[in-house]
Amino acid sequence: MLNKDLLNLSVVELAKRIQDRSVSSVDLTQLVLQHAQDYNAEINAYISFRADKALAEAAQADVEIAQGNYKGIFHGIPMGIKDNIYIGGEVTTMASKIHANFISSDDATVISKLKAAGAIIIGKLNMHEYAWGITNNSPHFGPCRNPWNLDKIPGGSSGGSGAAVASGMSTITLGTDTAGSIRIPSSACGLVGLKPTHGLVAKYGCFPLAWTLDHIGPMAKTVADAAAMLKVIAGFDERDPTSKHVEIPDYIALLNSDVKGKVIGINEDYFFHQVDAPIEKLVREQIAQLEQRGAIIKKVTIPALKNAEYVELVTSLSEAATIHHDDLQQRPNDFGDDIRLLFELGELPTAVEYLQAQQLRRELKQQFAQAFEEIDVLIAPTLPILPPDIGSSVAKLNGERVDLLNHIIRFTGPSNLTGLPALTIPCGLIDGQPVGLQIIGPAFQEPKVFNIALAIEEQVKFNYQQPVLDRI
């Protein structure tokens, strides 16, 4: 049996062992599967496993590698996948009752790309129903728990994804992000989570939440792992009308943590307004270290951010309600109470209000573009609050109780509206809970974002080993 210490390694490190055949894909897949099955009763990161298929695919990967046909970093690497991303011929539930037995005919674009890269899918990960929430408290599949503290939410909607990678139940994974659903659980679970530029990663075969806001991106232990995953999944697909034709660089080859002369933007009015003081302190400490290393800190103003929460709300509610309109009319009681209310609210905005929101959105995009003429990236906290206990609808903000949903998406939502790349990276712990720092970059300039993230990764030296699992 393989040493469980392998579960703490990055994909890049595991890939070296797979490539030199000191570790087989079958053995690694068995290790991750067994670990995931052992702890799933407590953490509830997985909705389903595909153990037999995964082990057969791992055996095939071992044969290919032995024959000298090594496909790259993800060849033979086991991982779980969020259960709103289709695997052809297999059930994808969206963590819902309505789609509990839904079987797609095709693989999602990202699944096709992962399969071509030799990745092994071991199961489907728990999520907030239809990706429309930030707690991952599922009325149909039960709440997912944060591996750092089992009483806390892991964030959502990609909560199972965050919990699985943080606990070693998956080596890496993908999340989906409409208002922060990659970055929120990545922050809460101590991961690197990237929402790529809108259109860089094709969404064909992923059940939509809001067409103009949805993204798919990596959730990983390290910046290098996230960069490697983006290289695999990025690229044009004509089946996704939002997909863009752009050159896909080798993101890992471009990694460079030298920040000398890089201009870091800080927006005080929005991104440092109403932030829990210990979180703000950790983020500002990292900015100060970047400055000591030669980065230039520049304050920027983006007045249109004052409308961001309203625009995000109107856009996401309206688009989501449109997608689920028929089911809301015909079988409303099959939705969880929380998302049924959101879909009902989504029927209220008028066409005028939706289109006015899109005009405000355009203004926000223009002002961000202007800001990026003067800065390389913008840094902010990922979340202004720490994730609360499971079942709570409020969080603590500088000692006051505040609405959880409104506050937890405040700093992540603007990047969905603008479509700009945004990455969260751990910057420390508060009371044993991870805290994320967010880096926002210009469109299709993911290398800039990765490079600043790599510098912060070197500064923080975050420990991904999870002590909580020893106490289960």
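## Report on the predicted protein chain

S157 has its place in the loop between β5 (142-143) and α5 (159-166). The peptide bond that joins G156 and S157 is cis, with omega at about 10 degrees. This geometry, like every other value below, belongs to a predicted model.

**Overall fold and dimensions**

The secondary structure of the protein chain amounts to 16 helices and 15 strands. Along the principal axes, its C-alpha atoms fill a box of roughly 60 × 60 × 45 Å. The radius of gyration is 21 Å; a compact globule of 472 residues would have a value near 23 Å, so the chain agrees with that expectation. Of the 472 residues, 61% are buried. Among contacts with a separation of 6 or more, 76% are between residues 24 or more positions apart.

The surface can be described by its area and the charges by their count. The protein chain exposes about 17,600 Å², and carbon and sulfur atoms supply 49% of this area. Its side chains include 40 positive and 54 negative ones. The centres of these two sets of charges lie 3 Å apart.

**Cysteines**

A disulfide is a covalent bond between the sulfur atoms of two cysteines. The structure holds zero disulfides, and the sulfur distances of two cysteines can be set against the cut-off of 2.5 Å. For C144, the closest cysteine sulfur belongs to C189 and is 7.2 Å away, which is too far for a bond. The closest cysteine sulfur to that of C427 is also in C189, but here the distance is 15 Å, again too far for a bond. C144 is buried, at a relative accessible area of 0%, and C427 is buried at 4%.

**Backbone at R21 and A131**

Two residues other than glycine have a positive phi: for R21 the angle is near 65 degrees, and for A131 it is likewise near 65 degrees. R21 is placed in the loop between α1 (11-19) and α2, whereas A131 belongs to the loop between β3 (120-125) and β4 (137-138). Is each of these residues buried or exposed? R21 counts as exposed because its relative accessible area is 54%, over the limit of 50%. A131 has a relative accessible area of 7% and therefore counts as buried, the limit being under 20%.

**Helix residues and their surroundings**

T29 is part of helix α2, which covers residues 25-43. The residue is buried, with a relative accessible area of 0%. With neighbours within four places in sequence left aside, T29 is in contact with A54, L55, A58, G76, P78, I120 and I122. Among these partners, A54, L55 and A58 fall in helix α3 (residues 51-66), while I120 and I122 fall in strand β3 (120-125).

E64 is found in helix α3. Its relative accessibility of 17% makes E64 buried. Neighbours within four places in sequence excluded, the contacts of E64 are N69, Y70, K71 and H75. E64 and I18 are 46 residues apart along the chain, and their C-alpha atoms are separated by 11 Å.

Q366 is located in helix α13, residues 351-371, and counts as partly exposed at 44% relative accessibility.

**Separation in sequence and in space**

Q366 and G391 are 25 residues apart in sequence, and their C-alpha atoms are 39 Å apart in space. S392 lies in the loop between β11 (377-381) and β12 (394-397). The C-alpha atoms of S392 and I153 are 9.0 Å apart, although 239 residues separate the two in sequence. S392 is partly exposed, with a relative accessible area of 23%.

The table sets out the location and accessibility of six residues discussed above.

| Residue | Location | Relative accessible area |
|---|---|---|
| R21 | loop between α1 (11-19) and α2 | 54%, exposed |
| T29 | helix α2 (residues 25-43) | 0%, buried |
| E64 | helix α3 (residues 51-66) | 17%, buried |
| A131 | loop between β3 (120-125) and β4 (137-138) | 7%, buried |
| Q366 | helix α13 (residues 351-371) | 44%, partly exposed |
| S392 | loop between β11 (377-381) and β12 (394-397) | 23%, partly exposed |

Conventions: Residues numbered from 1 in each chain as written. Predicted model: local features only at pLDDT ≥ 70, side-chain atom pairs only at ≥ 80, totals over all residues. Heavy atoms only, no water. Helix = DSSP H or I, 4+ residues; strand = E, 2+ residues; numbered from the N terminus. Rg over C-alpha atoms; globule rule 2.2 N^0.38 Å. Buried < 20%, exposed > 50% of the residue type's maximum accessible area, 1.4 Å probe, protein only. Contact = heavy atoms within 4.5 Å. Areas by Shrake-Rupley, 256 points an atom, 1.4 Å probe, with all protein chains shown as cover. Lys, Arg positive; Asp, Glu negative; His and termini not counted. Charge placed at Lys NZ, Arg CZ, Asp CG, Glu CD.
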